[in-house]
Amino acid sequence: MTLKGSLVQKIGNAIMEVARNKGSTWWYTPHMAAASHAITERIPLVDILLEASNTTIMYKIENLAKLSMAFMIPLSSACELIKHHSPSSRRIIILNKTDLANHIQLKEWLKYFEEQKCLVFGVNSHNKDNIKVLLNFLRARVRELPKVGHGDQTITLMLVGIPNVGKSALANSLHQIGRISAAEKGRLKHAIVSPHPGETKNISGLKIASHPSIYVLDTPGVFPAEILDAEVCSNLALTGAIRDCLVGEVDLAEYFLSIFNLSDEYKKWANLSLSGADDCSELERRQKRQYLTDHTQDFIVNKVQRTLFEAVSSFNGNLRDEEIMSRLIKAEFAVLRDAFNLPPDSDDYVRKVAAKLLNLYRTGRLGHYTLDLAPNNN
Ligand SMILES: Nc1nc2c(ncn2[C@@H]2O[C@H](COP(=O)(O)OP(=O)(O)O)[C@@H](O)[C@H]2O)c(=O)[nH]1
Ligand SMILES: [Mg+2]
């Protein structure tokens, strides 16, 4: 077995173990059950359902269906109501975090959903131009709704999805941009956005357009109550949909490196390894001293990229072999300790390296990944 395969089993088993324990505070919590229930009740009342997912984790197709179906099973009777009207315009799949995804795979996934006759939209919630295009797209879909006439209706779009896919970030961006073009005078609202899953506790409405008034409902992320397969669980954990403490940052960082080392992403940093990175002004040197351990600073990110490039490109051995891959990852942890400027005597350095590495991966500084290939590629 490859190291990636072993880690998938290890991480998957850890999560499935917790998932089996229905009383767990980490998986299908009473809060999540209550949120599912509240979302279910709202479904018949909303005009359009926006199903948000993180483009970097598209799940294997049978699991995608299972995830979305499992999410929908308690909602299925409510969905019947939506189906009576034009179903295609009442359910829109939002592929968020496109900036983090592999561009070729993103195109394949968009094509796949279009072939399935689903309305689909890929977006980066942090990009204003993207949001403007999405707003126009949503307004056009709203105009197609049978009930929209000349009166002063209120239209609601509900954002649903698993935790951490960026629902709240998207709702905020739509609200911020939408209220400007709608010349709204009301107070600017903020849904809580967090790198940790499970921060949104309630359903809240943010206005994104006027005439007709359109509100987007941000909802807490929910998982299906049933257990999914090991690879789906591992990918959910790697992308941050499940709390890190459930699996442990070190296993997750090793899992990331087992994917990274077999990808071509490090090759993009070949020039970094040749450039004289230490050649900098006094001001830059002062900043470097001030932010020595802040791994989000560009100079540290560059150093991490350069370090990883050198570690992978100078390594000889068959990385499909579990032991050989483990050896490379161990070596990478050691050199990353320097790149992150952690003191050599730091006893907890493995966990610290892992946490910093995961953060850089999840914010797109370590390349573009789509963890599951589009079905057309399989
Ligand atoms: N790179 C990137 N990060 C995003 C995007 N949308 C959201 N995020 C980040 O993903 C994390 C989770 O976002 P949040 O809106 O709280 O997710 P929610 O649990 O689905 O509501 C936060 O750290 C956001 O800043 C995006 O389009 N691109
Ligand atoms: Mg949220």
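**Close-up views of a predicted model**

**Figure 1. Lys 97 in the loop that follows strand S2.** Lys 97 sits in the loop between S2 and H6. The model shown here and in the other views is predicted. Although Lys 97 is not a glycine, its phi is positive, at about 60°. Most residues other than glycine have a negative phi. Is Lys 97 buried or exposed? Lys 97 counts as buried because it has 26 C-beta neighbours inside 10 Å, and the cut-off for a buried residue is 20 or more.

**Figure 2. Strand S2 and its partners S1 and S3.** Strand S2 covers residues 91-96 and runs parallel to strand S3, residues 119-122, with four bridges joining the two. Strand S1, residues 48-54, is also parallel to S2 and is joined to S2 by six bridges. Ile 94 of S2 can be used to locate both pairings: Ala 52 stands opposite Ile 94, and the bridge partner of Ile 94 in S3 is Phe 121. Leu 95 has Gly 122 as its bridge partner in S3. S2 is largely enclosed by the rest of the structure, because five of its six residues are buried.

**Figure 3. The β-α-β unit built on S2 and S3.** Helix H6 spans residues 103-115 and, together with S2 and S3, makes a right-handed β-α-β unit. The loop between S2 and H6 is the one that holds Lys 97. The two strands of the unit are parallel.

**Figure 4. Strand S6 between two pairings.** S6 pairs with S4 in the parallel sense over six bridges, whereas S5 and S6 run antiparallel and are joined by five bridges. In the pairing with S4, Leu 159 has Asp 218 of S6 as its bridge partner. In the pairing with S5, Lys 207 has Tyr 215 of S6 as its bridge partner. How many of the six residues of S6 are buried? Five are, so S6 is largely enclosed by the rest of the structure.

**Figure 5. The S5-S6 hairpin and its cis peptide bond.** Three residues lie between the strands of the S5 and S6 hairpin. Pro 212 is placed in this loop, between S5 (204-209) and S6 (213-218). His 211 and Pro 212 are joined by a cis peptide bond with omega about -5°. His 211 also takes a positive phi, near 50°. Most peptide bonds are trans.

**Figure 6. Asn 164 in the loop before helix H8.** Asn 164 belongs to the loop between strand S4 (154-160) and H8. Its phi is near 70°, which is a positive value in a residue other than glycine. Asn 164 is buried, because 26 other C-beta atoms lie within 10 Å.

**Figure 7. The surroundings of ligand 1.** Which residues come nearest to ligand 1? Of the 22 residues around ligand 1, these are Ser 125, Gly 166, Lys 167, Ser 168 and Ala 169. Helix H8, residues 167-181, gives the largest share of the shell, with three residues. By class, the shell has 11 polar, seven nonpolar and four charged residues.

**Figure 8. The largest nonpolar core.** The largest nonpolar core contains 81 residues. Leu 50, Leu 157, Leu 159, Val 216, Ala 237, Leu 252 and Phe 256 have the most contacts inside this core. Helix H1, residues 3-20, supplies the largest share, seven residues. The core takes at least three residues from each of domain 1 (29-218) and domain 2 (230-377). In soluble globular proteins, nonpolar side chains tend to be buried together. Leu 159 also appears in the view of S6, where its bridge partner is Asp 218.

**Figure 9. Met 1 and Asp 321.** Met 1 is in the segment before H1. Along the chain, Met 1 and Asp 321 are 320 residues apart, yet their C-alpha atoms are separated by 7.5 Å. Met 1 is exposed because it has 11 other C-beta atoms within 10 Å, and a residue counts as exposed at 12 or fewer.

How values were computed
Residues are numbered from 1 along each chain as its sequence is written. Chains are lettered from A and ligands numbered from 1 in the order in which they are written. This is a predicted model: local features need pLDDT of at least 70, side-chain atom pairs count only at pLDDT 80 or more; totals for chains, interfaces and linings use all residues. Two strands pair if DSSP finds at least two bridges between them. A crossover is right-handed if, with the strands pointing away from the viewer, the path from the first strand over the helix to the second runs clockwise. A residue is near a molecule or strand if its C-beta atom, placed from the backbone, lies within 6 Å of it. Ala, Val, Leu, Ile, Met, Phe, Trp, Tyr, Cys and Pro count as nonpolar, Asp, Glu, Lys and Arg as charged, and the others, Gly among them, as polar. A nonpolar core is a set of buried Ala, Val, Leu, Ile, Met, Phe, Trp, Tyr and Cys residues joined through C-beta atoms within 7 Å. Domain bounds come from an automatic or database domain assignment.
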